[in-house]
Each structure stands twice: as structure tokens, then as C-alpha cells.
Amino acid sequence: AHAAQDSFRRKERVEQGLKQAREQVAAVEAMSEEETSRRISKARSRAQRERQQRLEQALEEFEKLAEEGGGKDKENRRVSTTDPQARVMKQADGGFAPSYNVQINTDAANAVVVAVGVVQAGNDFEQLEPGIDRVEQNFGKTPDQAVTDGGFVSRDNIVAMKERGIEFIGPCGDDAGKGKSSYEGRGVSAQYHSSQFVYDAESDSYRCPQGKTLSYEGKEQRHTQVSYRYRAQRSDCQGCPVKSQCCPGNRVTGRSVHRSEEIAEVAEFRHKMQSEQAREIYRHRAQVAETPNLWIKAKFGLRQFSVRGWSKVGMEALWACLTYNIRVWIRLRWRQPAAVATVPA
Ligand code: SF4
């Protein structure tokens, strides 16, 4: 985005700035022509009005952030005063910068851009279906196959693609890896990760490395996943000699483990992604999907938008993709010369 890194402010600072901007607009407008020339006065007035509009927009963005965040993390919400619709997002180099999330859908046959969208969300999980909708809007039908990187692979998206009759190809998430980092964060030793607890289907219970039983406690159901919770007796864990390695944070309860049941769609997706055929398709993803990105950044030099605001950024992204498509079209025409017309004698 074209917003400055240091332009992000808390709501109180934006309200304070807006009050000052309104006073300055009123003061400039109240100036007589003797005090300043008409031209300078107009330029100042316009600059102040634009600043006022940006600050008003910044306050509207706080309302949007509050709706999106559901009241969470209120104290840390900040909005840019130079481009209020930009959001701070993680960059490829690991840093953070004011940005827009540009979603580009590319045709696998010729690497032509078939749909473009600009969103304010930093994550890609929620962008797969809107991207498919844009393709459908442009072509009157959905693609047969969607190939994405891991940022788009979620249980919801696997189910949604299945429901829409689209073959979904993407890397399987490493659930074991995520669980491992969570255990490390809580100080649980590798010998006491849940994979070391043995499930007994007959008694529907787990046995821990110290031989104690974890009984079924309850079920948690999220949209597409069911998770069953098992817990050890408080007395067993509180007196256990290895408690500090197994559940150091549990002061009043026994250790718990979860058993998840994958829904059929996710199990089928995982199974499919083990096949060489699916892996071969995925291997081509980077070349197809990254080609427009690389062209637009490296050849057109578009590393930062030259305009501000979501709709203007959307237009600039669209123009960049159109230019890229023209380059592809020229290349394809050059490679496939038009058939020579034969004139009957
Ligand atoms: S802390 Fe509890 S669950 Fe962990 S090994 Fe000891 S008895 Fe078993």
C-alpha cells in the first residue's frame, strides 16, 4: 500500500487529529482574500478538506475493525491516517507493512490472469471462495480444478470445493507440527505429547505414559471437525513425579488429550494428496501462480501501489493484470502464427 509505516494511529489520536483538521478547514475558509491570495487559499482549503476526509474515513475503519474483531484486542487497533483502508500485513520477508491483499486467479494452460480481487484481510483462508466467485462471474462457470498453496487449505475450503464440484489440490496441513509447537510453548516434554498416550477403543479411554487412565469427558464440535476430550484424575496428576514434564500448567485439573475425527471430505482430500498424480499437479502450481506476480513486480516494477484507497488500488491491480495479459497474448500469437488464408482460384 501507499501508506506510510508510521501513519498508523489509535482511535483517540485519529479523533484528536480530526478535530484539529476541522478547525483548520474552518480557519482557512474564514480567511479573507486580503490575508492570502485566492489560489493559495483554495489549495490550502483543499488539502485540509482531504485530510479531514481521510481522518473521517479512518474513524469508519475503526468501526469496521471492531465488527471484524468482535470486540477483541480493542486497545491495539490502529488505522493509517494516510491510507485508512490499508491493513498491516505480514510480508514475504517476515516483516510487517501497510498492505492490501491482491488475489489473482490464473489459468493453468497459458498462465493468463482470469480474475483479480483486492481485499483487506491478511489471511488467504477466506479468499478461495470469493476468488472462485470472481472466475464464475467472468466466465459464467466455475473451474473444474483449483490448485492453491497451503494458505488456502482449510477444512471449510475442502468442504466448500467438494460442494461446488471443484477438484481441490493443495498441500495437507501439518497438524502434528502445529501440535508440537503448542506443546513446546507450554513446556511439555516430547515424551508426554498426546501421541505418547495410547487409546483403547473398547473402553473409550487413554492410558498415559505413567499407566494412568484418562476417561472420556466431552465432545467439542466446530463447523467441520469433531474433537473428543479425555482427562486424567486430578489426584493422579497432582501427585505424579513427572507432572512438570507432562502438564506443568495444570494446577487444579488432570491432564487432558483430544482425539479428532476427520470428516469424510477431509479424509478423502488427505488420501488424494498422497497420490503421485495430485502431487504432480501441485508441483506446477508455483510456476503458474507466481508468473503473473513476478512479471508485475519485476518487469512492471509494481512493488508499491501509486494510489491510496481500496477501490483505486483495485483499479491499479486490474490495469497491471490487463497489461500482463496483453504481454501473454502477444507471446501466444507470436508462437502460433495465424493460418495463411487460401483464396480459391
Ligand atoms: S501427569 Fe498425569 S497424565 Fe501425565 S504422566 Fe503423570 S499421571 Fe499421567
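Helices (H or I, at least four residues) and strands (E, at least two) are DSSP runs, numbered from the N terminus. That is how labels such as α4 come about. Keep in mind for every view that this is a predicted model.

**View 1. The whole chain, before we zoom in.** The protein chain has 11 helices and 13 strands. Of its 345 residues, 34% are buried. If you take the contacts between residues at least 6 apart in sequence, 57% of them join residues at least 24 apart. The accessible surface adds up to about 21,900 Å², and carbon and sulfur atoms account for 49% of that.

**View 2. Helix α4 and what comes just after it.** Helix α4 covers residues 155–163. Which of its residues are buried? They are Asn157, Ile158, Val159, Ala160 and Met161. These buried residues pack against α3, β8 and α8, the last of which spans 264–273. Now look just past the end of α4: Gly165 takes a positive phi there, of about 70 degrees.

**View 3. Arg164 reaches for helix α3.** Side chains of opposite charge can pair when their charged atoms come close. Here, Arg164 and Asp133 make a salt bridge, with their closest N and O atoms 2.8 Å apart. Arg164 sits in the loop between α4 and β8 (167–169), while Asp133 belongs to helix α3 (residues 128–139), so this pair ties together parts that are 31 residues apart in sequence. Arg164 has a second partner to look for, Glu136, and that salt bridge is 3.3 Å from N to O. Glu136 is in helix α3 too, so its pairing with Arg164 ties together parts that are 28 residues apart in sequence. Are these side chains tucked away or out in the open? Arg164 has 24% relative accessibility and therefore counts as partly exposed. Asp133 is also partly exposed, because its relative accessible area is 38%. Glu136 gets the label partly exposed as well, at 34%.

**View 4. A salt bridge on strand β12, and a look back at the network.** How far apart are the closest N and O atoms of Arg229 and Glu220? They are 2.3 Å apart, and the two residues form a salt bridge. Buried means under 20% relative accessible area, so Arg229, at 18%, counts as buried. Glu220 has 32% and is therefore partly exposed. For salt bridges that share partners, go back to Arg164: Glu129, Asp133, Glu136 and Arg164 are joined into one network. Across the structure, the count comes to 11 salt bridges.

**View 5. Ser227 and its surroundings.** Ser227 lies in strand β12. Its relative accessible area is 7%, which means that it is buried. What does Ser227 touch, once you leave aside its neighbours within four places in sequence? Its contacts are Gly218, Lys219, Glu220, His258, Arg259 and Ser260. You have met Glu220 already, as the salt-bridge partner of Arg229.

**View 6. Inside the largest nonpolar core.** In soluble globular proteins, nonpolar side chains tend to be buried together. The largest nonpolar core in this model has 17 residues, and those with the most contacts inside it are Tyr192, Phe197, Tyr206, Leu214, Tyr230, Cys246 and Val257. Strand β12 (residues 225–232) gives the most to this core, chipping in 4 residues. Pick out Tyr230 and check what surrounds it: not counting residues up to four places away in sequence, Tyr230 touches a whole list of residues, including Tyr206, Leu214 and Val257. Charged residues turn up around Tyr230 as well, among them Asp204, Glu217, Arg255 and Arg259.

**View 7. Helix α11, with a buried side and a nonpolar patch.** Helix α11 runs over residues 310–335. It has 26 residues and reaches 37 Å from its first C-alpha to its last, close to the 38 Å expected at 1.5 Å a residue. Buried in α11 are Val313, Glu316, Ala317, Ala320, Cys321, Tyr324, Asn325, Val328 and Leu332. What covers them includes β5 (101–106), β6 (113–119) and α10 (285–299). At the surface, Met315, Leu318, Trp319 and Leu322 make a nonpolar patch of about 410 Å². Met315 comes out at 44% relative accessibility, so it counts as partly exposed.

Technical notes. Residues numbered from 1 in each chain as written. Predicted model: local features only at pLDDT ≥ 70, side-chain atom pairs only at ≥ 80, totals over all residues. Heavy atoms only, no water. Patch = residues over 30% accessible without salt bridge, like charges linked within 9 Å, V, L, I, M, F, W, Y side chains within 5 Å. Areas by Shrake-Rupley, 256 points an atom, 1.4 Å probe, with all protein chains shown as cover. Salt bridge = Lys/Arg side-chain N within 4 Å of Asp/Glu carboxyl O. Buried < 20%, exposed > 50% of the residue type's maximum accessible area, 1.4 Å probe, protein only. Expected span 1.5 Å × (residues − 1). Contact = heavy atoms within 4.5 Å. Core = buried A, V, L, I, M, F, W, Y, C linked by side-chain atoms within 4.5 Å.
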